[in-house]
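Take a look at the structure below. This short report walks through some of its parts.

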Amino acid sequence: QVQLVESGGGLVQAGGSLRLSCAASGSIFSTVAMGWYRQAPGKQRDLVATVTSGGRTNYADSVKGRFTISRVNANNTMYLQMNSLKPDDTAVYYCNGIPPFRYWGQGTQVTVSS
């Protein structure tokens, strides 16, 4: 069973930056594609960025050019650098596999004020 712990969220003004971290347990991490998801209040959970085990990345159009996903397989860690944040980026952010593992972490809240 993979355990996921997200951190790094907070309150930031529009135009600001945050860096999210995801710590994963288990040896499977280095072998699977991973992603960052987010869920805004009253909305479904959406996938915003993915990274393969080999480091190839992909982004939702809404964050392309502003967010950067990366991973360090040796440390079972994944990151999401978020720049030029907008109020629409306000959400709880989660990391998980692609497709997602059975269990989700608690997420980390990102709030962007206008």
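## The four-strand sheet

In this predicted model, four strands form an open sheet in the order β1-β3-β8-β7, and their pairing is antiparallel. β1 and β7 stand at the edges. Each has a single partner strand, so one side of each is left without a neighbour in the sheet. From one strand to the next, the twist averages 15 degrees.

Now take the pairs. Strand β1, residues 4–7, runs antiparallel to β3, and four bridges join them. Here valine 5 stands opposite alanine 23 of β3. β3 also pairs with β8, again in the antiparallel sense, over six bridges. Serine 21 has tyrosine 79 in β8 as its bridge partner. Arginine 19 stands opposite glutamine 81, which is also in β8.

## Two faces of β3

Where do the side chains of β3 point? They alternate along the strand. Leu18, Leu20, Cys22 and Ala24 point to one face, and these are buried. Arg19, Ser21 and Ala23 point to the other face and are not buried. This fits a general pattern: in a regular strand, side chains alternate between the two faces of the sheet.

## The disulfide

How many disulfides does the model have? The count is one. Cysteine 22 and cysteine 95 form it, with their sulfur atoms 2.1 Å apart. The link of these cysteines is right-handed, with 70 degrees about the S-S bond. Cysteine 22 lies in strand β3 and cysteine 95 in strand β9, so the pair ties together parts that are 73 residues apart in sequence. A disulfide is a covalent bond between the sulfur atoms of two cysteines.

Are the two cysteines buried or exposed? Buried means under 20% relative accessible area. Cysteine 22 has 0%, so cysteine 22 is buried. Cysteine 95 also has a relative accessibility of 0%, so cysteine 95 counts as buried too.

## The nonpolar core

The largest nonpolar core has 29 residues. Which of them touch the most other members? They are Trp36, Met78, Leu80, Met82 and Tyr93.

Several strands give two or more residues to this core. They are β3 (18–24), β4 (34–39), β5 (45–51), β7 (67–72), β8 (77–82), β9 (91–97) and β10 (108–113). β3 gives the most, with four residues.

## Arginine 66, a buried residue in a loop

Arginine 66 sits in the loop between β6 (57–59) and β7. Is arginine 66 buried or exposed? The relative accessible area of arginine 66 is 11%, so by the cut-off of under 20% it is buried.

What does the side chain of arginine 66 reach? One target is the backbone oxygen of serine 62, at 2.8 Å. Another backbone oxygen, that of serine 84, lies 2.9 Å from a polar atom of the arginine 66 side chain. Leaving out residues up to four places away in sequence, arginine 66 touches Gln81, Met82, Asn83, Ser84, Leu85, Lys86 and Asp89. Two of these names have come up before: Gln81 stands opposite arginine 19, and Met82 belongs to the largest nonpolar core.

Methods:
Residues numbered from 1 in each chain as written. Predicted model: local features only at pLDDT ≥ 70, side-chain atom pairs only at ≥ 80, totals over all residues. Heavy atoms only, no water. Core = buried A, V, L, I, M, F, W, Y, C linked by side-chain atoms within 4.5 Å. Buried < 20%, exposed > 50% of the residue type's maximum accessible area, 1.4 Å probe, protein only. Disulfide = S-S within 2.5 Å. Pairing = 2+ DSSP bridges. Axes fitted to C-alpha atoms, helices over the stretch in contact; angles between N-to-C directions. Polar contact = N/O pair within 3.5 Å; in protein donor to acceptor, adjacent residues only side chain to side chain. Contact = heavy atoms within 4.5 Å.
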